[in-house]
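Subject: Structure handover

Hi,

Here is the structure for you to look over. My notes follow below it.

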Amino acid sequence: MQTLPQKAASDQPLANKVVIVTGGARGLGEATCKCLAEAGLKVVVADVQPTLAEQLVAKIQEQAGDAIALPLDVSDPDQSKKLIDQVLDHYGKIDVLINNAGIDVTLSVEELDVRDWQRVMGVNLNGPFYMSKAVFSHLREQGGGHIINIVSTAAKRAWANASVYHASKWGLLGFSQALHVEGRPHNIKVTSVIAGGMRTPFLLERFPDIDVNTLQDPMNVAETIKYLLMQPKDTVISEIMVLPMKETSWP
Ligand code: NAD
C-alpha cells in the first residue's frame, strides 16, 4: 500500500477540518473529495450511490486520507437532517458543507414532464436549502464555517432543452447570495462556484460526442475550492467563475 509522505502541520492549514461533499462519489464531487483529503481534511462522501461512495473512500484511505461514506438523497429533508447528525456523531463537528450534487434532464419545455421538473429542482435547489438549513445552527454555535454551492454558467445565460437546470441553478445562485448575507454576522462564509463545462459523467454520459477538449478537468475546479477554503478568516470570496479556456457556454 502506497502512502503519502507525512506533511508538517504548517503545510496543511486545513488539516482536521471536517467537510461534507454532497454528490461526492464521482465527477467534481470525487475530485473535490480527493483534493481536500490530500489537504488533510476529514471528508464525508455523501451520495445517492453508496457503493461508488464506498469505493472512493477506500481509495482515499489507501492514500492515508481520512474519509467516510454516507448514503444521502439531498432531495429528502429528513435524510439531510439525519446526515448532519451522523457526521456530528462521527467527527464531533462540521466545518465545511459543499452542496455539489446536481442532475439535469435534457428536454424541451414541451417534452419535460412535471415530475422531471420537480426531481431536478428537488436535487439542485431544494437539496442545498435542506442541507444548509440542517447545518446552519451548528456552524453558528461553533462560531463559523463555510458553505460552498456549486452553481453553473447555466445561472448566467440560457441554452435550449435545459429549462429546469437553468431555473434550478439561477435559483441556487440567488439562494447562495441570500445565505451569504445571513451567514456573515455569524462568521459563516458562503461561496457560489460558477463552474463551466467539466469532463465528468454528467456531460459525457448524456453527450458522448462532445468535444472533450472544450471541457476542463474537474480537479481544476476542486483546486479552486481548496483555494476558497484557504482564505484568511476576515475574507470571503462570495462568488467565483471557473471556466475552461474553450468554454462554449460563456462568451
Ligand atoms: P456527475 O453526474 O458526474 O456527479 C454527480 C454526483 O451527484 C453523482 O455521484 C451522483 O450520484 C450524485 N447525486 C445525484 N443525485 C443525488 C442526490 N439526490 N443526492 C445525493 N447525491 C446525488 O456530475 P458533476 O459534473 O460532477 O456535477 C457536480 C456539480 O457540478 C453539479 O451540481 C452540476 O450541476 C455542476 N456543474 C457541472 C458542470 C459540468 O460540466 N459537468 C458544469 C457546471 C456545473
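How many salt bridges does the structure hold? There are ten, a salt bridge being a side-chain nitrogen of Lys or Arg within 4 Å of a carboxyl oxygen of Asp or Glu.

The model is predicted, so local features need pLDDT of at least 70 and side-chain atom pairs pLDDT 80 or more, while totals for chains, interfaces and linings use all residues. Numbering runs from 1 along each chain as its sequence is written, and side-chain values use heavy atoms, without hydrogens and water.

One salt bridge joins E205 and R26, with the closest N and O atoms 3.3 Å apart. This pair links distant parts of the chain, 179 residues apart. E205 is in the loop between α6 and α7 (218-229), and R26 is in the loop between β1 (18-22) and α1. Helices (H or I, at least four residues) and strands (E, at least two) are DSSP runs, numbered from the N terminus.

Now the ligand. It is surrounded by 29 residues (a heavy atom within 4 Å). The closest are L28, D47, N100, Y165 and T200.

Three polar contacts (N or O atom pairs within 3.5 Å) involve ligand oxygen atoms:
- D47, a polar side-chain atom at 2.6 Å.
- Q49, a side-chain N or O atom at 2.9 Å.
- F202, a backbone N or O atom at 3.3 Å.

Best wishes

Conventions. Polar contact = N/O pair within 3.5 Å; in protein donor to acceptor, adjacent residues only side chain to side chain.
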